[in-house]
Each structure stands twice: as C-alpha cells, then as structure tokens.
Amino acid sequence: MSTEIGHLRRRLVEFLIQSTTQLELPPIVKYSALSLFFDRFRPNVVRFLEKRKAEHWLLQPLTESNLQLFVLISIWISCKMHCTRGLSVHSLKSFGDKVITEQLFMVRDFLDAELIFLKQVLKFEIGTLNIAYTLLENLFIQFKEVAKVGEYLNFEACMDMMDLLYEKEETSLLYQYSKSLAASILVSSYIITVPKQQYEFPILPWVKMVTNKEEKEVVELVGYILSHVLYSNSP
C-alpha cells in the first residue's frame, strides 16, 4: 500500500498545487494542505489500513481518484482554517467534477471523505502554526526588516524550493524538521537570488541567532537543497 501511494506521489503533489492555483487560494492554504495530506494523512492512512479492514469504499481500494478526493479535502480543511470565506461543499464538488477525471463523486462522498480524513485518520490533529511555510514567512519578514539586502531576496524562489522538495519521499522528509528547513530555504534563496556583489549581510550568524540552529547544520542542509533544486531544473 505504501509503495502504491509513493508511486503516485509526484502526480498528487502536482494535482494539489494545480488545484490551489486554479482555485486562486493563498500560499498558506497550499502549504497547509501539503502538510495535512503528505505529512499526516498519507503515512497515517497506510498505518490505519494495515491495522484494520477498511469499512468505507473511499479507502478500499485506495485508487488515484480516491486519493485526489482526499487531496481536495486537505485543501478544503486548510481553506476553512486560513480563509475568511471558505469553499462550500457544492463549489468543491463542482471543482472536483472538472479535475478528477476517472471518478464522479457526489456531495455525500466529499462529506464522508472529510469525516474519514479528520476523525478516523488524523484524529483531528490539524494544527499548522509550526509548518515550514509559516516559519519561513516569519523569517523572511524579519530578514527584510533588519537587512537592506532583503529587497533582493525572492520569496517566490523560496516557495518553488518548497514545492520541489515535496515531490520525492526522501526530500519531503525534511518537513519533519520545519525550523531547520525554513532557515535553510531562506539561505538557499539568498544564495540564488541576491546578486553576489550584495553579499554583505552575515546571514548565517543571523539565522543561527533567530532560530537557534547551528551554522554547520544549516550549511549542510542548504547544500542538499540546492543540489536537489539544480538537479530538478536540469534538462
């Protein structure tokens, strides 16, 4: 089961990112949904199904279409937490009809899927205050306040890196260390987007001061992130 879901990982990541883009949702919704689905639902549902026989057809078999439905549920839950005006179940169902091509789900299926997602699999553990995106955004704001060179730092590049790291199992494991990952992505973006002639701010000592993470740890993680990003962007 874990292998089957892992094989679909990249397609599901792309499906989630494209869905939040088409729905014109803010970045916090996207990254909260990524955390809810890939960091929590996906590993927990594997353990859930290993321990007991699935009682609902949405879990047995766990097809790509069913997983796409649960991806939309993660977006729906995230939107409820972070948007002043959330998506209605009918608008989500209408969107699902357009993007899930192999299966037609009813409104009742969306409601059942939300209950399975929240109650049975996640047991209502849906907090997103300490996800990497939130920590990174706070670091970015602080950096721009203390460093003039912050005007060159590209936050879009930070988000592109975060998206790429979710594509593979081995790189997505970095999200377990959200503070280290946030600090390292900020430094990686600094290296890539700030002109070399502007390398005047002591970013590593500053990151160590505000995150309490050792420079060696950040440097090693930056090297790993950049090697993955450069490899992913190569022909």
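**Figure 1. Gln-68 is buried, because its relative accessibility is 12%.** Buried here means under 20% relative accessible area, exposed means over 50%, and partly exposed lies in between (1.4 Å probe, protein chains only). The model is predicted: local features need pLDDT of at least 70, side-chain atom pairs count only at pLDDT 80 or more, and totals for chains, interfaces and linings use all residues. Residues are numbered from 1 along each chain as its sequence is written, and side-chain values use heavy atoms, with hydrogens and water left out. Gln-68 sits in helix α4, which covers residues 64-82. Helices are DSSP runs of H or I with at least four residues, strands are runs of E with at least two, and both are numbered from the N terminus. Gln-68 makes contacts with Leu-12, Phe-15 and Ile-100, with residues up to four places away in sequence not counted. Contact means heavy atoms within 4.5 Å.

**Figure 2. Lys-80 also belongs to helix α4.** Lys-80 is partly exposed, because its relative accessibility is 43%. Val-29 is 51 residues away from Lys-80 along the chain. The C-alpha atoms of Lys-80 and Val-29 are 9.0 Å apart.

**Figure 3. Cys-83 and Cys-79 do not form a disulfide.** A disulfide is a pair of cysteine sulfur atoms within 2.5 Å. Cys-79 holds the cysteine sulfur closest to that of Cys-83, but the distance is 3.3 Å, so the pair is too far apart for a bond. A search of the whole structure turns up 0 disulfides. Cys-83 counts as buried, because its relative accessible area is 16%. Cys-158 is another buried cysteine, with a relative accessible area of 0%.

**Figure 4. Glu-24 has a positive phi, near 55°.** Most residues other than glycine have a negative phi. Glu-24 lies in the loop between α2 (9-22) and α3 (27-51). Is this residue buried or exposed? Glu-24 is exposed, because its relative accessibility is 72%.

**Figure 5. Phe-124 has a positive phi in a loop.** The phi value of this non-glycine residue is near 65°. The loop that holds Phe-124 runs between α6 (107-121) and α7. Phe-124 is exposed, because its relative accessibility is 54%.

**Figure 6. Leu-135 lies in helix α7, residues 132-146.** Which residues does Leu-135 touch, not counting residues up to four places away in sequence? They are Asn-130, Ser-178, Lys-179 and Ala-182. Leu-181 is 46 residues from Leu-135 along the chain, and their C-alpha atoms are separated by 9.1 Å.

**Figure 7. Met-161 is a buried residue of helix α8.** This helix covers residues 155-165. Met-161 counts as buried, because its relative accessibility is 2%. Not counting residues up to four places away in sequence, Met-161 touches Ile-185, Ser-188, Ser-189, Ile-192, Ile-225 and Val-229. Ala-132 is 29 residues from Met-161 in sequence, and the two are 12 Å apart, C-alpha to C-alpha.

**Figure 8. His-228 is buried in helix α12.** Helix α12 covers residues 215-232. His-228 counts as buried, because its relative accessibility is 8%. Leaving aside neighbours within four places in sequence, His-228 is in contact with Leu-164, Leu-165, Lys-168 and Thr-171.

**Figure 9. The chain that frames these views has 12 helices and 0 strands.** How many of its residues count as buried? Of the 235 residues, 51% do. A compact globule with 235 residues would have a radius of gyration near 18 Å; the chain has 19 Å, so the two agree. This radius is taken over C-alpha atoms, and the globule rule is 2.2 Å times the number of residues to the power 0.38. Along the principal axes, the C-alpha atoms fill a box of roughly 60 × 35 × 35 Å. Among contacts with a separation of 6 or more, 74% come from residues 24 or more positions apart. The accessible surface is about 12300 Å², and carbon and sulfur atoms account for 52% of it. Accessible areas come from the Shrake-Rupley method with a 1.4 Å probe; for residues, only the protein chains shown count as cover. The 25 positive and 27 negative charges have mean positions 4 Å apart. Lys and Arg count as positive, Asp and Glu as negative, while His and the chain ends are not counted. Each charge is placed at NZ of Lys, CZ of Arg, CG of Asp or CD of Glu.
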